[in-house]
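This report examines one protein chain at the level of its helices, core and charged pairs. Please consult the sequence and coordinates alongside the text.

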Amino acid sequence: MAAAAALAATISSSVSAAIYPPQRQLPATVITEFKAAPTGLLQQYPTGGPQLISRVRDLGASDPTTVPGLIALLKDPATTKDQMNAIVAGLAQLARMAAQQDQAFANEIQAAIAGTGNPEVIAAYQAAIGDVAIAATGAGGGGTGAGGPTGNGFPTGGGGGIVVFGNNSTPNTPPNAGGGSVGSAANSVSPVR
């Protein structure tokens with residue numbers, strides 16, 4: 001929880017505006033209840049699923065300071081794999097929305113995911129967000145150097161660096177790429193009289 005508090009200080013100091021307009025934000029009581037007991041979300045959505053994805057997205061889009069609590073749930077051993085996948089999918093949706101309005105917030109979400117150090121969480125985020133680069137964590141939130149392999153086979157990059165996920169070099173060629181013309185028909189068809 002100390003790491004979540006440190007992350008909360010970072011996110012709340014640089015991100016001030018919600019992604020959702022006021023009329024779309026979750027009620028203040030829902031946000032307050034989540035902040036008071038983030039693990040309540042795990043009991044409310046024991047199987048994960050689309051409802052948990054939506055709740056995670058809506059929490060973060062209504063109040064950016066809920067993201068540290070969501071990240072803490074990803075580190076909680078009580079979080080099941082289905083719940084983890086749903087939380088990550090909700091955070092990926094939130095990051096996509098944030099990229100349209102507040103790129104710094106989108107970068108912080110990505111850095112928080114990378115900062116979990118959990119290859120399953122990072123792989124789930126990659127699958128949810130698609131083939132994109134996410135910011136790697138580094139020295140002091142954007143310092144220089146101090147990055148490199150962690151021994152788990154997962155690239156983490158250096159301070160302020162970028163980790164590229166997916167295979168962006170795979171060609172997208174259609175099968176049976178022909179010459180684009182229709183060949184002549186071997187049989188002639190004539191109307192029946």
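The sections below treat the nonpolar core, one helix, the salt bridges and one loop residue in turn.

The model is predicted. Its largest nonpolar core has 38 residues, of which Leu41, Leu70, Leu74, Ile87, Leu91, Leu94 and Ile113 touch the most other members. Two or more residues each are contributed by H2, helix H3 (40-44), helix H4 (49-62), helix H5 (67-75), helix H6 (81-101), H7 and helix H8 (119-129). The largest share, ten residues, is that of H6. In soluble globular proteins, nonpolar side chains tend to be buried together.

Ile113 illustrates how this core is joined. Beyond its neighbours within four places in sequence, Ile113 is in contact with Ile71, Leu74, Leu91, Val121, Ile122 and Tyr125. Ile113 is itself one of the buried residues of H7, together with Phe105, Ala106, Glu108, Ile109, Gln110, Ala112 and Ala114. Helix H7 covers residues 103-115, and its 13 residues should span 18 Å at 1.5 Å a residue; the end C-alpha atoms are 18 Å apart, so expectation and model agree. Just after H7, Gly117 adopts a positive phi of about 70°.

Charged side chains add further links. Side chains of opposite charge can pair when their charged atoms come close. The structure contains three salt bridges, listed here with their N to O distances.

| Basic residue | Acidic residue | N to O distance |
|---|---|---|
| Lys35 | Asp63 | 2.9 Å |
| Arg57 | Asp58 | 3.2 Å |
| Lys81 | Glu120 | 3.3 Å |

In the salt bridge of Lys35 with Asp63, Lys35 belongs to helix H2 and Asp63 to the loop between H4 and H5, so the pair ties together parts 28 residues apart in sequence. Lys35 is partly exposed, at 42% relative accessible area, whereas Asp63 is buried because its value of 15% falls under 20%.

Arg57 and Asp58 form a salt bridge in which Arg57 is buried at 17% relative accessible area and Asp58 is buried at 15%. Lys81 and Glu120 also meet through their side chains. That pair links distant parts of the chain, with Lys81 in helix H6 and Glu120 in helix H8, 39 residues apart. Glu120 is partly exposed, at 46% relative accessibility.

Finally, Gln23 lies in the loop between helix H1 (2-14) and helix H2 (28-36). With 70% relative accessibility, Gln23 counts as exposed. Its C-alpha atom is separated by 9.9 Å from that of Ser62, a residue 39 residues apart from Gln23 along the chain.

Note on methods:
Residues numbered from 1 in each chain as written. Predicted model: local features only at pLDDT ≥ 70, side-chain atom pairs only at ≥ 80, totals over all residues. Heavy atoms only, no water. Helix = DSSP H or I, 4+ residues; strand = E, 2+ residues; numbered from the N terminus. Expected span 1.5 Å × (residues − 1). Buried < 20%, exposed > 50% of the residue type's maximum accessible area, 1.4 Å probe, protein only. Core = buried A, V, L, I, M, F, W, Y, C linked by side-chain atoms within 4.5 Å. Contact = heavy atoms within 4.5 Å. Salt bridge = Lys/Arg side-chain N within 4 Å of Asp/Glu carboxyl O.
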